[in-house]
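This report covers one protein chain. It starts with a single loop residue and then turns to a sheet.

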Amino acid sequence: FEFRINKEQSSFHNRLLQHDLEKNYSGRQENTNFGSSSSITFPILQRTAEEKILNSDRLTLERQKLTVCPIIDGEDHLRLLNFQHNFITRIQNISNLHHLVFLDLYDNQIEEISGLSTLRSLRVLLLGKNRIKKISNLENLKNLDVLDLHGNQISKIENINHLSELRVLNLARNLLSIVENLNGLDSLTELNLRHNQVSAIKDVDTLPHLQRLFLSFNNISSFEDILCLADSSSLSDITLDGNPIAQESWYKHTVLHHMMQLRQLDMKRITEEERRMASVAARKEEERKRESHKQSLIKEKKRLTICNIARQWEIQQNRTALEASLNQDKDNEPCQINGSTAYVFPEESRSLDTILSSAVQGLSVLDSHLVEVEGDTLYLYGSGALECLDRNWSVQTAGSVVTVSFMFMEFDEIVQVLTKLKLKFPNSVHLKFKETNLVTLQQFNALAQVHRIEQLTVDPQGNPVVNFTLWKYYVLFRLNHLNLQKINGIEVTQNDTVMAERLFGILAYVASSELPHYRMLSLFGESRMKQFHDLLEGKGKKSGVGIEESSDNRRAGGESTARAMLNYTAKNVHMEKLEEIKERKTFCQTYVENLVKEAADIHMKNESLQKLWPQMFIELVRDAVIEIRNKNSYMKLCLQRIADQKQ
C-alpha cells in the first residue's frame, strides 16, 4: 500500500507507515471493478475471490475520481481503507465496517466530519487537505491514536477532550489563532500547528506526555504568549521558526533558559555550550528587564508626584483666592488676585477646610516636592524643592547644571534662594519659570542679583506678566548688565536692546532722582558707596556724559547705579496679600467710622446751637447794654483789664 502525500506531511506519514496496521502491507494497488445499477444511487464495490484472498483486510481506492463513497458489501472484515486523492464530498456507506482501524480520506472535498459513529475500533483517521471548518462528530472514536486534519479551514480546537488515547494531532495549515481546549489529551505526544495564525497558547502545560510541538510560521511575538510551555516537563522538541519572536536577539537564549528540558529547537540539536550561553544571556536579559521595570516605576512615581504637586499648587491658589474673597464684604463681588477671578461661595458660614475638602479628596500620599537632575537641567517642583539647594552637591553634578527650572512655586520664594545659585551651580546660565506667579514687571528686578544669565524662559502658564506687551523689553533694560542672549528661545538683537533703552531709560533716571540719598546708600555695599558719592559730587562726570550712565558707569559684570534703584524686595506672598487686604479693610472701616463720628458730633453741636442761640443772643445783648450803660465806669473797667494784661 503506497501513500501519496505532500511535502508538509512527509514526516507525518513516514511515522504512520510504522504503525502496526501497515507493517505487513505491500505497495501494490488493487484492481477493483465497480458495478452499477440504474435503481441505486451509489456504485457497488465488487472484488474477485482472488483479490480478497490476496488483500483480505485492506482496500485501496485512491485516484479513482470518486465523488461518493461506494457501497462496500461483504467486506466487514476490512481493517484498512484508503480513499486518497478523490473528489468525495461526504463520508458515508462505511458504517458497516466495524473492524476498520485505518481510514485515509486525504485530499478530497469533504466539508463535514460525519458517518463515523459506528467505527469504534478506528485508530487512525486521516482527513488532511479537505474543506472541513469544524471538528465534530468524534464522540465515539475514543480509541483514536492518530488524527490528521491539516490543510482544512478549522478556526477553533474543540470537541476532542474525550480522546484520551490520541498520540498524534495534526492541525497544520488551518485558521487557528489561539491554542486551547487541550485538556483530556493525556496520551498526546505530538502536536503539529505549523502555518496557522496562532498568537497565544494555553493548556499545553496540562499535556503530561507531549514531546514534540511544531509552531513554525505563526504570529507568536513574545515569550509571554507561550509562557505555559515553560511549565511542561515532558516537552523535548519545539519549532518556532517563522514567528516574529524568532527574529528577536534574545529568542534562543530565552527559550533555552526557560525550557531546560529541550533537546531540539527548530529541528536543531541543542548542545551543552548553547545551554550555558543561554543561561548567562538569560540572566543578563532578566537583569535588563528588572532595571527597565525599575526605571518605569521611577518614571511613573515621578509622573504621579508631579501631578500631586500640580494639584496642591492649584488648591493653594484656589485657597488664596477664596480666603481673599471671604475677607471682602460679603456681597458676592468678584475679587481679582494674580490675574484670576474668584467668587465668594454662598456657604459663607461653613469653614474654609469644609469648602475645600472636595478639592483634595482622592489625592495620593506622595511627595509634595521633587528635585531632579536630568542631563544639564536641574528641575525643581514645588516650594519644598528650594530647601534641597542646601544639600551637599557633588562637584561633578553641580558643574554639569546649565539650566535651572522652577515649577509650581511662588516667585517670591525663589527670590530668596537666587544668591545660592551663584555658589551651588556656577555654570548655570539659563533660568526657566513655569507656574511661579510672575505677575508684575517689578519682580524681574530680583534677577539682577544672579551673577550670570544668558537665557531666560518664562512660560505663559501661571505667569500673567507675559501678557504685558513690553515685558521682554523691560527685562532687557533691567538686566542689561547680564547681556541676555535669548528670551523664551528667541535671539536678542541689538535693535531689541536699543528699543528697551528708549522705552525704559527715563524710568531709571526718575527712580534714582526721586529716591532719597540715604535710601540709595542702603541699596549698595561699601564698595559702591564711594562711587555713588563721587557721582553726586560730579567727580565721575566726563564731557558729554550724564550722571545716569556715565559711559554706563559699570564695572565689568556690574549693573549701572541708576538701574540698581529699580529693585524688588521679596515678601511672603500669601501672607502679604491677606495682610494687605486686611489692612485696607481695617483702614477703610476706621476712616469711615471716624468720618461718621465727626459728622454726627458736628450735627449734634449744630442742633444744640440752634436751640441755645436765641437765648444766648439775648443774654449777649443784655450784658453788652448793661456794661455800656455807664460810659465812664465801662471805660475804667476796660482800661483796668488792659493794665492787668500788661502786668
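Helices and strands here are DSSP runs, helices of at least four residues and strands of at least two, numbered from the N terminus. The model is a predicted one.

**A loop asparagine**

By that numbering, N243 lies in the loop between β13 (237–239) and α3 (251–258). Is N243 buried or exposed? N243 is buried, because its relative accessible area is 1%, and buried means under 20%. What does its side chain reach? The side chain of N243 comes to 3.0 Å from the backbone nitrogen of I220. Leaving aside residues up to four places away in sequence, N243 touches L215, S216, F217, N218, N219 and I220.

**The whole protein**

The protein has 647 residues, and 39% of them count as buried. Its secondary structure comprises 15 helices and 24 strands. The accessible surface is about 36,000 Å². Carbon and sulfur atoms account for 50% of that surface. Among contacts with a separation of 6 or more, 49% link residues 24 or more positions apart.

**An open sheet**

Strands of a sheet pair through backbone hydrogen bonds, either parallel or antiparallel. One open sheet holds 7 strands, in the order β18-β19-β20-β21-β22-β23-β24. Its pairing is mixed. Which strands stand at the edges? They are β18 and β24 (490–491). Each has a single partner strand, so one side of each is left without a neighbour in the sheet.

Four of the pairings are set out below.

| Strand pair | Sense | Bridges | Residues opposite each other |
|---|---|---|---|
| β18 (370–374) and β19 (377–381) | antiparallel | 5 bridges | V373 and L378 |
| β19 and β20 (403–407) | parallel | 5 bridges | L380 and F406 |
| β21 (430–434) and β22 | parallel | 4 bridges | L431 and L456 |
| β22 and β23 (486–487) | parallel | 2 bridges | L456 and I487 |

Take the edge strand β18 and its partner β19. They form a hairpin with 2 residues between them. G375 sits in the turn, with a positive phi of about 65°. In this antiparallel pair, V373 has L378 as its bridge partner. β19 also pairs with β20, in the parallel sense. There L380 stands opposite F406.

**Strand β22**

β22 spans residues 455–458. It runs parallel to β21 and pairs in the parallel sense with β23. L456 stands opposite L431 of β21, and its bridge partner in β23 is I487.

In a regular strand the side chains alternate between the two faces of the sheet. Which residues of β22 lie on the covered face? They are L456 and V458. Q455 and T457 make up the uncovered face.

Helix α9 (residues 471–478) joins the picture here. Together, β22, α9 and β23 make a right-handed β-α-β unit.

**Cysteines**

A disulfide is a covalent bond between the sulfur atoms of two cysteines. How many disulfides does the model have? With sulfur atoms required to be within 2.5 Å, the count is 0 disulfides. C307 is partly exposed, because its relative accessible area is 31%. C588 is partly exposed too, with a relative accessible area of 43%. Both values fall between the 20% and 50% limits for buried and exposed.

Note on methods
Residues numbered from 1 in each chain as written. Predicted model: local features only at pLDDT ≥ 70, side-chain atom pairs only at ≥ 80, totals over all residues. Heavy atoms only, no water. Buried < 20%, exposed > 50% of the residue type's maximum accessible area, 1.4 Å probe, protein only. Pairing = 2+ DSSP bridges. Right-handed = clockwise from strand over helix to strand, strands pointing away. Contact = heavy atoms within 4.5 Å. Areas by Shrake-Rupley, 256 points an atom, 1.4 Å probe, with all protein chains shown as cover. Polar contact = N/O pair within 3.5 Å; in protein donor to acceptor, adjacent residues only side chain to side chain.
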